Amino acid sequence: MMPFDIDAIRDDFPILKEEVRGKRLVYLDSAGSSQKPTQVIESLKRVYETEYSNVHRGLHYMSEQTSARYEEARSKVAKFLNAEFDQEIIFTKGTTESINLVASSFGRKNLGPDDEILITWAEHHSNIIPWQLLRDQIGCEIKVVPVDDDGAISLESFKKLISKKTKIVAFCHVSNVLGTVLPVKEVAEIAHQNGAVVVIDGAQGVVHMPVDVQDLGADFYAFGGHKVYGPSGIGVLYGKRDLLNQMPPYQGGGGMINTVSFSETTWADLPDKFEAGTPPIAQAIGLGEAIDYMENIGLSKIAKYELDLLNYATQRLSGIDGLNFIGTAPGKVSVLSFTMDCAHPHDIATIVDQDGVAVRAGHHCAQPLMERFDIPSAARASFGLYNTREDVDVLARSLEKVNEIFK
Ligand code: PMP
């Protein structure tokens, strides 16, 4: 195996050579959206320059080429997640659309007023609101698993709330605010014993660790291209074939039908049934390239490198006066959310930006979680495979400046 060569990896990301306000860009917002390697950028260019047409529509050469590349990308995703069948991979426009698809299609078909959906306090709005929309339509109940003070979400808490009434257990693989890794496999076992299906929001999971949907017991697993060093505008919904086969289409239009007449329309087989209209073609191919990129480096190697960096950053930032971490659960990954006694998170982000440091500040699309920790917002530094200890040092020095300015 090749060593983890951070200098070579950084060279793969052209944007890291950019200057921000005359300073080196220190990009610590990969949980928001990651940067893209040349391999991905070039693949987009190549598609439009040499291989582009609509997919599955034409009998001409270009359409055949593009369709083949598009389906190759699907196979790469299937292998990446260890799905049993390529057809279990539905291309969407992001994690958000993937979860909405499950809520609209599976939810409306299978849930009634007496049923319950279980989510956690740590969910991103995209794993809360689709279930609320469903609840408002069918009158079911949403129950919420609590988060401990350190950001952990225990199996015991899930056990207390899962019952025979539970039809869907939907939760994040990794919290985008706390970095907590949830016990997916164990929860899935209990959910299945109670007859519920398991929907995993993998937006922050799949980029930081190898994921095997079959081993995890996920019935549905959602993620987006833009967090895994791929393009935006493309997402994935993995769903077990039997479940997807029983589900009605989510949207209607071209490409998802078998026959159409004014009296009756029949659906295409998987995965087309769920891909109405022209899909994000180049983006899907770019996502395939991003997966190749990560796999060439090695998912486990990336995870190990990032963990070392997170530990360094945790230690470095704990030395800063008045800085409070949000989320310190054992085994956490990739993100450091914090507040500072002396300054609002928006001020923190604005001041460190002057040093070229990009961190996120706000509610992180997790307002219930902010309420849980009794804060209006938080600053968040999040790490990707291209970040270094030097990046952390620049952030730490800049945060010390925040203290000097506000004290
Ligand atoms: N879930 C989590 C945990 C996230 O971090 C995000 C992105 N911030 C989303 C869902 C939404 O993902 P997308 O942008 O792919 O719709």
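Student: Why is Cys 365 called partly exposed?

Tutor: This is a predicted model. Cys 365 has a relative accessible area of 31%. Buried means under 20%, exposed over 50%, and partly exposed lies in between. So Cys 365 is partly exposed.

Student: What makes Cys 140 count as buried?

Tutor: Its relative accessibility is 5%. The cut-off for buried is under 20%. Therefore Cys 140 counts as buried.

Student: How many disulfides does the structure hold?

Tutor: Zero. A disulfide is a covalent bond between the sulfur atoms of two cysteines.

Student: Why does Cys 140 form no such bond?

Tutor: The closest cysteine sulfur is in Cys 172, 20 Å away. A disulfide needs sulfur atoms within 2.5 Å. So the sulfur of Cys 140 is too far for a bond.

Student: What rules out a bond for Cys 365?

Tutor: Distance again. The closest cysteine sulfur is in Cys 172, at 13 Å. Set against the 2.5 Å limit, that is too far for a bond.

Student: What makes the pair of Asp 201 and the ligand a polar contact?

Tutor: An N or O atom in the side chain of Asp 201 is 2.6 Å from a nitrogen atom of the ligand. The limit is 3.5 Å, so the pair counts. Lys 227 has a polar side-chain atom 2.8 Å from a ligand nitrogen. His 226 has one 2.9 Å from a ligand oxygen.

Student: How much of the ligand's accessible area does the protein cover?

Tutor: The protein covers 86% of the 400 Å² that the ligand has on its own.

Student: Which residue classes make up the shell around the ligand?

Tutor: One nonpolar, nine polar and two charged residues.

Note on methods:
Residues are numbered from 1 along each chain as its sequence is written. This is a predicted model: local features need pLDDT of at least 70, side-chain atom pairs count only at pLDDT 80 or more; totals for chains, interfaces and linings use all residues. Side-chain values use heavy atoms; hydrogens and water are left out. A polar contact is a pair of N or O atoms within 3.5 Å; within protein, one must be able to donate a hydrogen and the other to accept it, and residues adjacent in sequence count only if both atoms are side-chain atoms. Accessible areas come from the Shrake-Rupley method with a 1.4 Å probe; for residues, only the protein chains shown count as cover. Ala, Val, Leu, Ile, Met, Phe, Trp, Tyr, Cys and Pro count as nonpolar, Asp, Glu, Lys and Arg as charged, and the others, Gly among them, as polar. Buried means under 20% relative accessible area, exposed over 50%, partly exposed in between (1.4 Å probe, protein chains only).
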